[in-house]
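Please walk through the fold below with attention to backbone geometry, helix packing and a few loop positions.

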Amino acid sequence: MHREHLVEAAPGVRLWAEERGAADAPALLLVMGAQASGLAWPEELVDALAAHHRVIRYDHRDTGRSTWSYETEPYAVTDLARDALAVLEALGVERAHLVGMSLGGMLAQLLLADHPERVLSATLIGTCALSTTPYTAPDGTPTPVEDLPAIDPRILEMWANRPEDPDEAGELEWRVEHWRLLHGDALPFDAEAVREQERRILAHTGHARVSTAHAQASPDGMVRTEALAATRVPVLVVSATAEPVFPPPHARHLAQVIRGARVVEVPGMGHALPAPVLGPLAEAILRHTGA
């Protein structure tokens with residue numbers, strides 16, 4: 001059964017949230033990436049997790065049905081982590097498993113570092129380490145964080161040339177092409193499946209306005225080198241072999257800097273959640289949460 005909520009996260013800020021699964025099951029909070037609605041978590045994945053968990057997903061500020069406020073009330077990325085905590089508070093969740101994708105993986109690291117008592121476990125997907133510790137290659141060669149592989153330039157070009165005020169059809173097609181690049185080059189791309197999901201997100205949001213709030217939000221104060229190295233919370237890092245935003249070895253680096261982190265590799269996966277990766281991903285998450 002789906003249960004929807006509007007959560008007061010901060011003065012003047014309301015967040016749309018949805019929960020699914022048994023109310024007395026262990027809570028699992030899904031934290032999406034930048035400018036992405038909670039509906040970007042595929043239904044198949046949410047349902048698979050909800051068979052064992054009280055799954056909660058939500059719209060960040062400036063996405064979906066949550067408050068769009070950045071233009072009048074700018075905020076920092078760390079405020080988005082506080083929003084995730086506010087969702088748990090509002091729904092009466094003392095401790096939750098976290099699953100974070102992209103920016104959501106960074107927010108999960110902030111919660112892991114700052115509020116470990118609220119976190120049962122964390123699964124980090126398509127993200128980078130909030131740490132200054134260099135990456136150590138298998139042969140022992142160190143690589144400074146700033147020298148790790150960068151975002152695919154084709155994606156940077158799309159971001160730099162995004163139309164500012166498209167109609168709904170134009171915005172839909174931009175999103176499909178954006179996901180085509182994020183998908184990576186290894187698995188076949190199902191444009192129609194992506195188009196249908198984005199249609200649902202546009203209908204959920206109620207408009208096709210473009211926001212760049214999360215790209216503009218200040219990243220100050222996000223580094224958590226010492227806390228991540230000392231955590232006792234179980235952490236799983238998903239290594240996507242065709243990842244174009246945080247290419248290998250970012251996932252391996254993340255696992256190095258977080259105490260006790262384990263790595264699971266999903267072959268062919270990029271910076272997206274297409275149907276072929278959902279089964280292996282759900283299985284890995286459920287095994288990690290002890291379901």
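Is threonine 63 buried or exposed, and what is its relative accessible area? Threonine 63 is buried, because its relative accessible area is 2%. The residue sits in the loop between strand S4 (54-58) and H2. Beyond its neighbours within four places in sequence, threonine 63 is in contact with Gln35, Ala36, Ser37, Trp68 and His214.

Before going further, note that this is a predicted model. The mean pLDDT of the protein is 97, and 100% of the residues reach 70 or more. Among the elements, strand S1 (residues 2-10) has the lowest mean pLDDT, 95. The highest, 99, belongs to strand S3 (residues 27-31).

One of the contacts of threonine 63, glutamine 35, has backbone geometry of some interest. Most residues other than glycine have a negative phi, and most peptide bonds are trans. In glutamine 35, phi is positive, near 60°. Glutamine 35 is found in the loop between S3 and helix H1 (43-50). With a relative accessible area of 26%, glutamine 35 is partly exposed.

Serine 102 is another residue other than glycine with a positive phi, near 60°. Its place is the loop between strand S5 (96-101) and H3. Serine 102 is buried, with a relative accessible area of 13%. Serine 102 is also among the residues in contact with glycine 126.

Glycine 126 lies in the loop between strand S6 (119-125) and strand S7 (135-136). At 10% relative accessibility, glycine 126 counts as buried, because the cut-off for that class is under 20%. Apart from neighbours within four places in sequence, glycine 126 is in contact with Ser102, Val238, Glu243, Phe246 and His271. The pair formed with histidine 271 links distant parts of the sequence: the two residues are 145 residues apart along the chain, and their C-alpha atoms are 5.9 Å apart.

The next topic is helix packing. Two packed helices are described by the angle between their axes and the distance between the axes. For helix H2 (residues 77-90) and helix H3 (residues 103-114), the angle is about 70° and the axes are 9 Å apart. H2 is therefore roughly perpendicular to H3, since angles of 65 to 115 degrees fall in that class. On the H2 side, the contact is made by Val77, Thr78, Leu80, Ala81, Ala84 and Leu85. These meet Leu103, Leu107, Leu110 and Leu111 in H3. By class, the contact has nine nonpolar residues, one polar residue and no charged residues.

A second helix pair is H5 and H6. Helix H5 (residues 168-182) has 15 residues and reaches 21 Å from its first C-alpha to its last, close to the 21 Å expected at 1.5 Å a residue. H6 also has 15 residues, and its end C-alpha atoms are 21 Å apart, which agrees with the 21 Å they should span at 1.5 Å a residue.

The buried residues of H5 are Glu171, Leu172, Trp174, Arg175, Val176, His178, Leu181 and Leu182. They pack against helix H4 (153-160) and helix H6 (191-205). In H6, the buried residues are Ala191, Val194, Arg195, Gln197, Glu198, Ile201, Leu202, His204 and Thr205. These pack against strand S2 (13-20) and H5. Each helix is followed by a glycine with a positive phi: glycine 184 after H5, near 85°, and glycine 206 after H6, near 95°.

Ahead of H4 is alanine 150, in the loop between strand S8 (142-143) and H4. Alanine 150 is exposed, with a relative accessible area of 60%. Not counting residues up to four places away in sequence, alanine 150 touches Pro244, Val245 and Pro247. The C-alpha atoms of alanine 150 and histidine 250 are separated by 9.7 Å, although the residues are 100 residues apart along the chain.

The last item concerns a peptide bond. What is the configuration of the bond from proline 248 to proline 249? The bond is cis, with omega near 10°. Proline 249 lies in the loop between strand S9 (235-240) and helix H9 (250-257).

Key: Residues are numbered from 1 along each chain as its sequence is written. This is a predicted model: local features need pLDDT of at least 70, side-chain atom pairs count only at pLDDT 80 or more; totals for chains, interfaces and linings use all residues. Side-chain values use heavy atoms; hydrogens and water are left out. Axes are lines fitted to C-alpha atoms, for helices over the stretch in contact, and angles run from 0 to 180 degrees between N-to-C directions. Helices (H or I, at least four residues) and strands (E, at least two) are DSSP runs, numbered from the N terminus. Angles under 35 degrees count as roughly parallel, over 145 as roughly antiparallel, 65 to 115 as roughly perpendicular and the rest as oblique. Contact means heavy atoms within 4.5 Å. Ala, Val, Leu, Ile, Met, Phe, Trp, Tyr, Cys and Pro count as nonpolar, Asp, Glu, Lys and Arg as charged, and the others, Gly among them, as polar. The expected span of a helix is 1.5 Å times one less than its number of residues. Buried means under 20% relative accessible area, exposed over 50%, partly exposed in between (1.4 Å probe, protein chains only). pLDDT is the predictor's confidence in each residue, from 0 to 100.
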